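Let's walk through this one together, with the viewer open beside you. We'll begin with a sheet and then turn to some helix pairs.

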Amino acid sequence: MSTSLPDATQVERSDGTIQLAVVKERHFKAPIVLAVLTVLLGAIVLFVPRDGTSTFRLGDPSQSFALPNVALPTAVTCWVLLAVLALLTVWAFWLAWSYRRQPLWLTIAFGILGVFAFLVWAAADGLVPVSSLLFGAVSLSVPLVFGALGGVIGERVGVVNVAIEGQLLLGAFSAALLSSITGNPFVGLIGAMVGGVLVAFVLAAFAIKYLVDQVIVGVVLNVLVTGLTGFLYGALLVPNEQQLNQPERFGRIQIPLLSEIPIVGPVLFNQTFIVYLMFIAVALVAWGLYRTRWGLRLRAVGEHPQAADTVGIQVNTSRFWNVTLAGAIAGIGGAYFTLVSVPQFGKDMTAGLGFIALAAVIFGRWDPIRATLAALLFGFATNLQNLLTVLKTPVPSEFMLMLPYVVTILAVVGFAGQIRGPAASGKPYIKE
């Protein structure tokens, strides 16, 4: 929601024929979302009050030292945090009314305090293991991050990558199969990248060469891969489970000293090879996109392919190879399912995470760092659902199952409405 009003100051030329007015816009969408969330959280605390003490465990068993637990009075802490959230919401409305942009830190602060208030309410007379919660959030975010990186590259070069789900699923299948045959997880990882490349290759061929609608091709590929992997699972993996569906998995690699950092040390520096590869991939894509000739050409093709063509860039060739690269990156995310998370491949095991990764691309404004943060948010929501089940909160189990998707919808609708994607994304280029 936004309103536009002309400023009182006007400029008139000497002949009196032209007047210029400065137009300002008020954007109320984000403040309204914050207000709705504050009211909902207030309603939960008011109508389902919980007393007792909420305990937060800051230490981790893998560390050589122990941090003390933090115990907070549930009811008092909830109301204090609600008051702070209300003040932040009022501030957001004041900024919008004053024609000012809402700073990113305000949204981040609201989100952190809101989640903390909900955890305090949910953990009445219970225990919240902070490091375990964050560790699980990072783990669940890994396939989302790789999928989002593939989506960012694809859309930045002008191709909407709706087939992320298929790339994740075929990557998981290929990783499980090759790792089981060879007993080497690195061979499985390469196989996952090949699986993602195959799906991306078909997407690029139909969308770029044959000019088929990119969204339709992506949806068809997702259905095709789902059916293909389901058939191969039943016909090949189930009868030969011991030989073909027992992949050798990556173990954790603990980094000395860094893993001893309180709270975040075990979360970030006691992980598997694929997680460390994720850190490197995010940094490389972010650096390459904005600091290299490759990134400049990629963005030029996605924003103005005609202009890129006039300076000698092969638009469709660039799109083809970058979509293929995006598929390889997304395939690594699929490898996480069978080489780290689950000991074997299962039918439809990606469970729609490719579409959440696509939402992270939009919420992240087609930027690799922002998309990674969005993926971490969705991963945290998924892990929070598991924690709420353990804490036995009075929240219906159906709502807890839909929590990650509710967060996805709120994020995309509430905070991504004013952003613009790459100008040529989804539009085929026909050289004149």
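**A sheet and two helix pairs**

Strand β3 (residues 53-57) and β5 run parallel and are joined by four bridges. One spot to click on is phenylalanine 56, whose bridge partner in β5 is valine 128. Keep in mind that this is a predicted model.

Zoom out a little and you'll find an open sheet of three strands, in the order β4-β3-β5, with mixed pairing. β4 (70-73) and β5 (126-129) sit at the edges with a single partner strand each, so one side of each has no neighbour in the sheet. On average, neighbouring strands here are turned by 25 degrees against each other, ignoring direction. Helix α3 (residues 104-122) packs on this sheet, where it touches β3 and β4, and its direction makes about 120 degrees with that of β3.

Now for the helices. α6 (residues 185-209) packs against α7 (residues 214-237) at an angle of about 150 degrees, and their axes are 10 Å apart. The crossing of α6 past α7 is right-handed. On the α6 side, the contact uses Val199, Val202, Leu203, Phe206 and Ala207, while α7 brings in Gln214, Val217, Gly218, Leu221 and Val225. Sort those by class and you get eight nonpolar, two polar and no charged residues.

Next come helix α10 (residues 273-291) and helix α15 (residues 368-391), whose axes come within 9 Å and cross at roughly 150 degrees. Angles over 145 degrees count as roughly antiparallel, and α10 and α15 are therefore roughly antiparallel to each other. Here Val282, Val285, Ala286, Leu289 and Tyr290 of α10 meet Pro368, Ile369 and Thr372 of α15. That contact divides into seven nonpolar residues, one polar and no charged.

How values were computed: Residues are numbered from 1 along each chain as its sequence is written. This is a predicted model: local features need pLDDT of at least 70, side-chain atom pairs count only at pLDDT 80 or more; totals for chains, interfaces and linings use all residues. Side-chain values use heavy atoms; hydrogens and water are left out. Axes are lines fitted to C-alpha atoms, for helices over the stretch in contact, and angles run from 0 to 180 degrees between N-to-C directions. A crossing is left-handed if the near helix is turned anticlockwise from the far one by less than a right angle, and right-handed if clockwise. Contact means heavy atoms within 4.5 Å. Ala, Val, Leu, Ile, Met, Phe, Trp, Tyr, Cys and Pro count as nonpolar, Asp, Glu, Lys and Arg as charged, and the others, Gly among them, as polar. Angles under 35 degrees count as roughly parallel, over 145 as roughly antiparallel, 65 to 115 as roughly perpendicular and the rest as oblique. Two strands pair if DSSP finds at least two bridges between them.
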